[in-house]
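Visitor: I have a structure on the bench screen and would like to learn how to read its features one by one. Could you take me through them?

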Amino acid sequence: MKLMKQLLAMATIAFATAAQAAPAVEAPDVLVKRISQDVIDTAKSDKAIQAGDIKRVTELVESKILPYVDFQRMTALAAGRHWRDATPDQQKQLAAEFRTLLIYTYSGALSQIKNETVEFKPLRADPSDTEVEVRSQVNVARGEPVPLNYRVAKTPAGWKIYDINVLGAWLVETYKSSFASEISKGGIDGLIKTLSAKNKALASRPAAKAK
(Lines give C-alpha, C1' and ligand atoms only; values in the text may rest on other atoms or scores of the structure.)
Protein backbone atom coordinates (compact mmCIF):
# COMPACT_ATOMS: atom_id res chain seq x y z
CA MET A 1 0.00 0.00 0.00
CA LYS A 2 2.80 2.39 0.83
CA LEU A 3 4.41 1.73 -2.57
CA MET A 4 1.07 2.31 -4.30
CA LYS A 5 0.66 5.64 -2.52
CA GLN A 6 4.21 6.63 -3.36
CA LEU A 7 3.76 5.88 -7.05
CA LEU A 8 0.41 7.64 -7.19
CA ALA A 9 1.94 10.62 -5.47
CA MET A 10 4.70 10.73 -8.09
CA ALA A 11 2.14 10.41 -10.83
CA THR A 12 -0.10 13.06 -9.42
CA ILE A 13 2.76 15.45 -8.75
CA ALA A 14 4.19 14.83 -12.20
CA PHE A 15 2.58 18.00 -13.51
CA ALA A 16 3.70 20.10 -10.61
CA THR A 17 6.18 22.87 -11.30
CA ALA A 18 7.59 25.47 -13.67
CA ALA A 19 4.29 26.29 -15.37
CA GLN A 20 5.39 29.74 -16.35
CA ALA A 21 8.61 28.40 -17.83
CA ALA A 22 6.84 25.90 -20.07
CA PRO A 23 6.80 26.66 -23.78
CA ALA A 24 3.51 27.54 -25.46
CA VAL A 25 3.32 24.15 -27.17
CA GLU A 26 4.90 21.09 -25.60
CA ALA A 27 4.29 17.39 -26.21
CA PRO A 28 2.56 15.74 -23.23
CA ASP A 29 5.34 13.21 -22.66
CA VAL A 30 8.00 15.91 -22.78
CA LEU A 31 6.01 17.97 -20.30
CA VAL A 32 5.56 15.08 -17.87
CA LYS A 33 9.21 14.01 -18.11
CA ARG A 34 10.59 17.50 -17.52
CA ILE A 35 8.37 18.30 -14.59
CA SER A 36 8.51 14.84 -12.99
CA GLN A 37 12.25 15.04 -12.51
CA ASP A 38 12.00 18.53 -11.10
CA VAL A 39 9.39 17.49 -8.55
CA ILE A 40 11.18 14.31 -7.51
CA ASP A 41 14.31 16.37 -6.89
CA THR A 42 12.28 18.82 -4.82
CA ALA A 43 10.71 16.06 -2.74
CA LYS A 44 14.12 14.56 -2.06
CA SER A 45 15.73 17.84 -1.02
CA ASP A 46 12.91 19.55 0.88
CA LYS A 47 13.44 18.77 4.57
CA ALA A 48 9.87 19.70 5.50
CA ILE A 49 8.45 17.26 2.93
CA GLN A 50 10.84 14.54 4.04
CA ALA A 51 9.66 15.11 7.60
CA GLY A 52 6.04 14.62 6.51
CA ASP A 53 4.94 18.23 7.02
CA ILE A 54 1.33 18.10 5.80
CA LYS A 55 1.12 21.87 5.49
CA ARG A 56 4.21 22.06 3.29
CA VAL A 57 3.07 19.17 1.12
CA THR A 58 -0.42 20.59 0.75
CA GLU A 59 0.97 23.99 -0.22
CA LEU A 60 3.12 22.33 -2.87
CA VAL A 61 0.18 20.39 -4.30
CA GLU A 62 -2.30 23.26 -4.15
CA SER A 63 0.02 25.79 -5.77
CA LYS A 64 1.63 23.64 -8.44
CA ILE A 65 -0.35 20.52 -9.25
CA LEU A 66 -3.86 21.85 -9.74
CA PRO A 67 -3.17 23.63 -13.06
CA TYR A 68 -2.22 20.28 -14.59
CA VAL A 69 -4.94 17.95 -13.28
CA ASP A 70 -8.55 17.91 -14.40
CA PHE A 71 -10.14 17.00 -11.07
CA GLN A 72 -13.67 17.66 -12.34
CA ARG A 73 -13.29 15.16 -15.16
CA MET A 74 -11.71 12.63 -12.80
CA THR A 75 -14.63 13.05 -10.42
CA ALA A 76 -17.22 12.80 -13.20
CA LEU A 77 -15.66 9.58 -14.46
CA ALA A 78 -15.45 8.12 -10.96
CA ALA A 79 -19.10 9.03 -10.26
CA GLY A 80 -20.19 7.54 -13.59
CA ARG A 81 -23.84 7.96 -14.58
CA HIS A 82 -24.62 9.47 -11.18
CA TRP A 83 -22.68 12.61 -12.12
CA ARG A 84 -25.39 13.64 -14.56
CA ASP A 85 -28.02 13.35 -11.83
CA ALA A 86 -26.13 15.62 -9.44
CA THR A 87 -26.94 19.32 -9.22
CA PRO A 88 -24.21 21.83 -10.16
CA ASP A 89 -23.66 22.53 -6.45
CA GLN A 90 -23.35 18.82 -5.67
CA GLN A 91 -20.89 18.39 -8.53
CA LYS A 92 -18.81 21.26 -7.19
CA GLN A 93 -18.79 19.86 -3.65
CA LEU A 94 -18.03 16.33 -4.81
CA ALA A 95 -15.11 17.44 -7.00
CA ALA A 96 -13.70 19.52 -4.14
CA GLU A 97 -13.92 16.66 -1.64
CA PHE A 98 -12.42 14.17 -4.10
CA ARG A 99 -9.55 16.53 -4.82
CA THR A 100 -8.90 16.95 -1.10
CA LEU A 101 -9.06 13.19 -0.57
CA LEU A 102 -6.41 12.58 -3.23
CA ILE A 103 -4.17 15.28 -1.78
CA TYR A 104 -4.37 13.90 1.76
CA THR A 105 -4.17 10.27 0.72
CA TYR A 106 -1.01 10.64 -1.32
CA SER A 107 0.77 13.53 0.36
CA GLY A 108 2.29 11.23 2.96
CA ALA A 109 4.00 9.28 0.20
CA LEU A 110 6.07 12.30 -0.83
CA SER A 111 8.15 11.99 2.31
CA GLN A 112 9.03 8.44 1.25
CA ILE A 113 10.58 9.37 -2.08
CA LYS A 114 14.27 8.52 -1.81
CA ASN A 115 16.14 7.01 -4.76
CA GLU A 116 13.39 6.35 -7.28
CA THR A 117 13.81 7.38 -10.90
CA VAL A 118 11.25 7.56 -13.71
CA GLU A 119 11.87 6.24 -17.22
CA PHE A 120 9.49 7.25 -20.02
CA LYS A 121 8.47 5.14 -23.01
CA PRO A 122 8.15 6.49 -26.57
CA LEU A 123 4.84 8.28 -27.05
CA ARG A 124 2.42 6.38 -29.29
CA ALA A 125 0.29 9.19 -30.66
CA ASP A 126 -0.32 11.38 -33.68
CA PRO A 127 0.32 15.13 -33.48
CA SER A 128 -3.42 15.71 -34.00
CA ASP A 129 -4.49 13.54 -31.04
CA THR A 130 -6.23 15.36 -28.20
CA GLU A 131 -6.12 12.44 -25.77
CA VAL A 132 -3.02 10.33 -25.24
CA GLU A 133 -1.53 7.84 -22.84
CA VAL A 134 1.91 8.69 -21.52
CA ARG A 135 3.69 5.52 -20.44
CA SER A 136 6.52 5.30 -17.95
CA GLN A 137 8.04 3.07 -15.32
CA VAL A 138 9.37 3.78 -11.86
CA ASN A 139 12.75 2.25 -11.13
CA VAL A 140 13.05 1.35 -7.46
CA ALA A 141 16.11 0.40 -5.46
CA ARG A 142 14.81 -3.11 -4.87
CA GLY A 143 12.50 -5.09 -7.09
CA GLU A 144 11.28 -4.87 -10.66
CA PRO A 145 10.38 -1.56 -12.35
CA VAL A 146 6.75 -0.58 -11.78
CA PRO A 147 4.59 0.50 -14.77
CA LEU A 148 3.08 3.96 -14.31
CA ASN A 149 0.89 5.43 -17.04
CA TYR A 150 -1.14 8.62 -17.43
CA ARG A 151 -4.21 9.49 -19.47
CA VAL A 152 -3.81 13.08 -20.61
CA ALA A 153 -6.23 15.29 -22.55
CA LYS A 154 -5.57 18.48 -24.46
CA THR A 155 -7.77 21.34 -23.24
CA PRO A 156 -7.92 25.06 -24.01
CA ALA A 157 -5.76 25.51 -20.91
CA GLY A 158 -3.18 22.94 -22.09
CA TRP A 159 -2.56 19.25 -21.39
CA LYS A 160 -4.19 17.91 -18.23
CA ILE A 161 -4.06 14.54 -16.55
CA TYR A 162 -7.38 12.87 -15.79
CA ASP A 163 -6.44 9.31 -14.88
CA ILE A 164 -3.44 7.35 -13.62
CA ASN A 165 -2.57 3.66 -13.96
CA VAL A 166 -0.35 1.99 -11.38
CA LEU A 167 0.35 -1.74 -11.52
CA GLY A 168 -2.41 -2.21 -14.08
CA ALA A 169 -5.13 -0.42 -12.10
CA TRP A 170 -6.63 2.88 -13.27
CA LEU A 171 -7.27 5.32 -10.43
CA VAL A 172 -10.73 6.33 -11.68
CA GLU A 173 -11.90 2.71 -11.90
CA THR A 174 -10.58 2.03 -8.41
CA TYR A 175 -12.75 4.79 -6.95
CA LYS A 176 -15.72 4.14 -9.21
CA SER A 177 -16.88 1.05 -7.31
CA SER A 178 -16.58 2.70 -3.89
CA PHE A 179 -18.38 5.81 -5.14
CA ALA A 180 -21.22 3.70 -6.54
CA SER A 181 -21.53 1.85 -3.24
CA GLU A 182 -21.80 5.06 -1.22
CA ILE A 183 -24.26 6.61 -3.68
CA SER A 184 -26.50 3.52 -3.52
CA LYS A 185 -26.71 3.97 0.26
CA GLY A 186 -27.08 7.72 0.59
CA GLY A 187 -27.16 9.34 -2.82
CA ILE A 188 -24.72 12.03 -3.96
CA ASP A 189 -25.09 13.86 -0.64
CA GLY A 190 -24.19 10.64 1.17
CA LEU A 191 -21.01 10.29 -0.88
CA ILE A 192 -20.06 13.91 -0.24
CA LYS A 193 -20.63 13.41 3.50
CA THR A 194 -18.49 10.25 3.51
CA LEU A 195 -15.63 11.92 1.67
CA SER A 196 -15.83 14.97 3.92
CA ALA A 197 -15.59 12.79 7.03
CA LYS A 198 -12.64 10.89 5.57
CA ASN A 199 -10.86 14.14 4.74
CA LYS A 200 -11.36 15.46 8.28
CA ALA A 201 -9.87 12.25 9.67
CA LEU A 202 -6.88 12.46 7.33
CA ALA A 203 -6.36 16.15 8.12
CA SER A 204 -5.94 15.32 11.80
CA ARG A 205 -3.05 12.93 11.12
CA PRO A 206 0.59 13.60 10.20
CA ALA A 207 1.13 13.21 6.43
CA ALA A 208 3.42 10.23 6.89
CA LYS A 209 0.62 8.33 8.69
CA ALA A 210 -2.23 9.12 6.28
CA LYS A 211 -3.76 6.03 4.73
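**Reading helices and strands**

Guide: Let us begin with a helix pair in this predicted model: H5 passes H8 in a right-handed crossing. The axes of helix H5 (residues 71-79) and helix H8 (residues 171-203) come within 7 Å and cross at roughly 50°.

Visitor: What does that angle say about how H5 and H8 lie to each other?

Guide: Angles from 65 to 115 degrees count as roughly perpendicular and those under 35 degrees as roughly parallel, and H5 and H8 are therefore oblique to each other.

Visitor: Which residues of H5 and H8 make the contact?

Guide: From H5 come Met 74, Leu 77, Ala 78 and Ala 79, while H8 supplies Leu 171, Val 172, Tyr 175, Lys 176 and Phe 179. By residue class, this contact of H5 with H8 holds 8 nonpolar residues and 1 charged residue, with no polar ones.

Visitor: How many aromatic pairs does a search of the whole structure find?

Guide: The search finds 3 aromatic pairs. In one of them, Phe 98 and Tyr 175 have ring centres 5.1 Å apart and planes at 75°, so the pair is edge-to-face. This pair links distant parts of the chain, since Phe 98 sits in helix H7 (residues 88-110) and Tyr 175 in helix H8, 77 residues apart.

Visitor: In what order do the strands of the open sheet come?

Guide: To read a sheet, one follows the strands from edge to edge. Here 5 strands form an open sheet in the order S1-S2-S3-S4-S5, and their pairing is antiparallel. Strand S1 (117-120) and strand S5 (169-170) stand at the edges with a single partner strand each, so one side of each is left without a neighbour in the sheet.

Visitor: How many bridges join S3 to S2, and how many join S3 to S4?

Guide: Strand S2 (residues 131-139) and strand S3 (residues 146-155) run antiparallel and are joined by 8 bridges, and 8 bridges likewise join S3 to the antiparallel strand S4 (residues 158-166). Arg 151 can be followed across these strands, as this residue of S3 is the bridge partner of Glu 133 and, on S4, is partnered by Asp 163.

Visitor: What lies between the strands in the hairpins?

Guide: The hairpin of S2 and S3 has 6 residues between the strands, and there Gly 143 takes a positive phi near 100°, whereas the hairpin from S3 to S4 passes through 2 residues.

Visitor: Where does H5 lie with respect to the strands?

Guide: H5 lies across S2, S3 and S4, and runs at about 40° to S4.

How values were computed: Residues numbered from 1 in each chain as written. Predicted model: local features only at pLDDT ≥ 70, side-chain atom pairs only at ≥ 80, totals over all residues. Heavy atoms only, no water. Axes fitted to C-alpha atoms, helices over the stretch in contact; angles between N-to-C directions. Helix = DSSP H or I, 4+ residues; strand = E, 2+ residues; numbered from the N terminus. Parallel < 35°, antiparallel > 145°, perpendicular 65-115°, else oblique. Left-handed = near helix turned anticlockwise from the far one by under 90°. Contact = heavy atoms within 4.5 Å. Nonpolar A, V, L, I, M, F, W, Y, C, P; charged D, E, K, R; others polar. Pairing = 2+ DSSP bridges. Phe/Tyr/Trp six-rings, centres within 6.5 Å; stacked < 30°, edge-to-face > 60°.
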